[in-house]
Amino acid sequence: MAAGRALAALLAVLLAALLAASAQLIPREDSFTISLHKADNTTVMIKLKPGLPASCRIRVKYVIMSELKIKPGDNVTFTFTCSTPEKYFITEIQKNIDCVSGPCPFGDVHLYPPGLPHLNRTYIWDVKASTKAGLELKFSTSWLRQIEPGETCPDFVSYNINSSIDNATVNIGTFCRNGSVSRVKLLGGVVMSLHLPWHLPLTTSGFNIASRASIKRLCIIESILKRESSITLMSPNYPLGFPEDELMTWQFVIPPNLRASVFFHNYSLSNCERKEERVEYYIPGSPSNPEVFKLSDSQPANIAGTFNMSLQGCDQDAQNPGILRLLFQVVVQHPQVDENVTHLVDLSKEKNMTVTIHLEGWPSRMPLMSEPICLICKDPRTCDRALTLTSGAVYRISFLCKDLSQLRITAEKGIGCMDIRWCQKKIYSLSVPKAITRLPIRLHKFNWKLLATDMINVEIMSPSLKLQQHIPEQRCNTSYSYSIVSATPETELNVGVFCPGGSIEKIQMRNNITISLKTFGKGFINESIPQDLKMSFVPHIKDECIFTVSPDPKAKVYLQTPNSPYGLPPYVSISWFIAVPSKQTARLRFSKDRMGIACETGRAYINIKEETLGAEEIVCREDELLPQPRNMLHSFWVNVSNCKPVDKTQLTLQFWVTLADKQIDLGIILAVVAGAGVLTVIGLTVCCVKKKKKKTQNPMVGVYNDNVNTQMPGKKAFFGKERQNNESHVYAVIDDAVVYGHLLKESNGSVSPEVDVYRPFDGPIGSLPPSPPPFSFRKDIKRSSNPEEEPLPLMDTDQDTYTFAHQKSGQSEDNGDANKKDKGDTGMPLLENKERDSLV
């Protein structure tokens, strides 16, 4: 009994396994039966989707197969071995229609046969017809919408239309439902395909074969646009080539209360041997039908009523045929209220100027084809999204646009000078012409291109409004600003952004300049009325850029090196001339303590020099502290000269200037008087010492510096060494008064004059900025330009002998600079004890 129970249990397990294994063989639904009449000439093919494994099969009686073909006259019953056959199988139903040897089945085309399984279906109607009589396919009221290759329809229902002429097949296009294409007429045969998803129980094809008529061209596509809309159409075989020497036509049915405009978005041309590729329009009421256009032309716009557009190919080069293709858009909209309002744009007196009216964001952004469109027309039929007007002509333009705030104006004007003799004294006004400001369109940008030869530079001035530099600490709040860029063959220098209402009177720049006026609000028309920006051409300047600044007595003026935040380019020199009124004093202060760079080649310098007789020049290198805040009693220069930095960091400096009234202090006056008395006493003492030494000292005494080469220098030239390493500060003979000149002290403790130092700015002062030291050798000391105080150069033939007094180690002379000591540049003569005692 136990053995019997075990056997029964084993049989139960085997039966369960067999049932599980055969579950795949149980059909999900009842079997399908397809009966095809032989007269219908229809074939049904059920086959696996490409690339899928044969996990599901078709069962016909006791035969398992992966595909099933049902021919005309067959009657087949079948099932599937899986519950989800729509994942694995597709169905193709092809019907052949012969309109050559027999009558065509005009009327609606039905989906045949019925009772097909719920699979993805493709119905194919292959209609044979003579090339002498075309076939017309008429679609139901939903109509069709053409899509680009690779695009899918939202409901996954798509039509594909092919024209069959002899043995050649031309793809007219792929279409979705719910569009404007109502009819397609084709020459010769037609291969029409309808793709349906498995879950959509569609019972009608949506089209019929309407009639046969000779069309004498490849095809005619009719599109009906009943309301404001935008459609996209393509040439046959797009993006491949349009057939050689073919002709096709689009018919657009437009209600009389609407206007249509055509825009070509993508096209290419083939290489023609004969004829010419072109587009022809038949427009109602046109005096020159057909109107012929090139594909590169602006196409007709604002067309009232129904019109035709035809594409004509050419005889192509057999060796290099090329590709003729076209994608275009037709926009239909209501007539605009102001379409008959014209605006006069008089550019007849302008030179070298272009004005472009365009949509906001053009050309980087083009509106979607579904967005409302704004058109600019220079005549009733020539309209486009962007219209360019050139100088020397008068235009009457109109706008087909519901909202003019979407439009912008961009203009450009060129001003050049090739010979300074003809343009040096001429002043050009950099203001927006009234022909532009009068348009109901916002000005976006106006560019002035200033071109000149290498030795001619540009001066920009704003006499009444002046300019303010836009920086974070001093932002512009006007409705427009100027961006200035200087371009040289080696580098491009962004001078900065400026707006009216500041302290900069003029800017001088080298090489070619671009000035861009950019607006930021609707208030530009009102604020721009007193525009006074002007320019002129000037002779060559030494610096890359020179600013002339007249500070506002009631405000702090911020100034910054150009090209911020990227820093000055290598070896560029910038100067500022700060005008200080006679009854005021200027306070100069830098925003940081150091330049913040290290030089790979050359040195970076800051030069500060007052424009007055005998003024000191302050020179700081990149490895030194910047000058402390100081008061400037006279107009002064600030020069910044860059080197080649060792890394990516660049030279960026900012400083500011404030003005205050000069204060007369009685204490200062008394100190000056007392100091004059002290100087008189010291002068008498020195004179006495000088007279005494002249009696006892012979030969002449010089200062000896044992750290330098005693070889006499040759001819004058730029020194390659720095001050610590060259002999420019060593004199062969120094007069007694000069030797003891360090004893002459001013009341404030500074040294004047300095031993072995000459000052270059004690002579007359001109209008040019201080000359920055050359990159190979610069002296951060005070100099005198008096030629009488400069020692005569030694000649190689000088055979005189000299006696030198030795300098004690560790002794050095204060050069008068509050920030640093001179590194062994001057020596203190060794005095005998008797002489020192007598001096004391």
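**Close-up 1. Cys56 sits buried in this predicted model.** Its relative accessible area comes out at 0%. Across the bond, Cys82 is buried as well, at 4% relative accessible area. The two cysteines are joined as a disulfide, S to S 1.9 Å. Turn about that S-S bond and the torsion is about -85°, so this one is left-handed. As for where the ends come from, Cys56 lies in the loop between strand E2 (42–48) and strand E3 (58–60), while Cys82 belongs to the loop between strand E6 (75–80) and strand E7 (89–98), so the bond ties together parts that are 26 residues apart in sequence.

**Close-up 2. Here Cys272 pairs up with Cys314.** Their sulfur atoms are 2.0 Å apart, forming a disulfide. With -85° about the S-S bond, this link is left-handed. The pair brings in distant parts of the chain: Cys272 is in strand E21 (residues 272–274), and Cys314 is in the loop between strand E25 (307–312) and strand E26 (315–316), which puts the two 42 residues apart. What about burial at each end? Cys272 has a relative accessible area of 33%, so it counts as partly exposed, given that the partly exposed class runs between the 20% and 50% cut-offs. Cys314, on the other hand, is buried, with just 1% relative accessible area.

**Close-up 3. This view shows the disulfide of Cys377 and Cys383.** The sulfur atoms of Cys377 and Cys383 are 1.9 Å apart. Is this bond left-handed or right-handed? The torsion about the S-S bond is about 110°, so the disulfide of Cys377 and Cys383 is right-handed. As for accessibility, Cys377 is buried, and Cys383 is too.

**Close-up 4. Two further cysteines, Cys545 and Cys620, are picked out for their burial.** Cys545 is buried, its relative accessible area being 0%. Cys620 has 5% relative accessibility, and because buried means under 20%, this cysteine also makes the cut.

**Overview. How many disulfides turn up when the whole structure is searched?** The search of this predicted model finds nine disulfides. Among them are the bond of Cys56 with Cys82, the bond of Cys272 with Cys314 and the bond of Cys377 with Cys383. For anyone flicking between the views, here is the handedness again: Cys56 and Cys82 make a left-handed link, Cys272 and Cys314 make a left-handed link, and Cys377 and Cys383 make a right-handed link.

Note on methods:
Residues numbered from 1 in each chain as written. Predicted model: local features only at pLDDT ≥ 70, side-chain atom pairs only at ≥ 80, totals over all residues. Heavy atoms only, no water. Disulfide = S-S within 2.5 Å. Helix = DSSP H or I, 4+ residues; strand = E, 2+ residues; numbered from the N terminus. Buried < 20%, exposed > 50% of the residue type's maximum accessible area, 1.4 Å probe, protein only.
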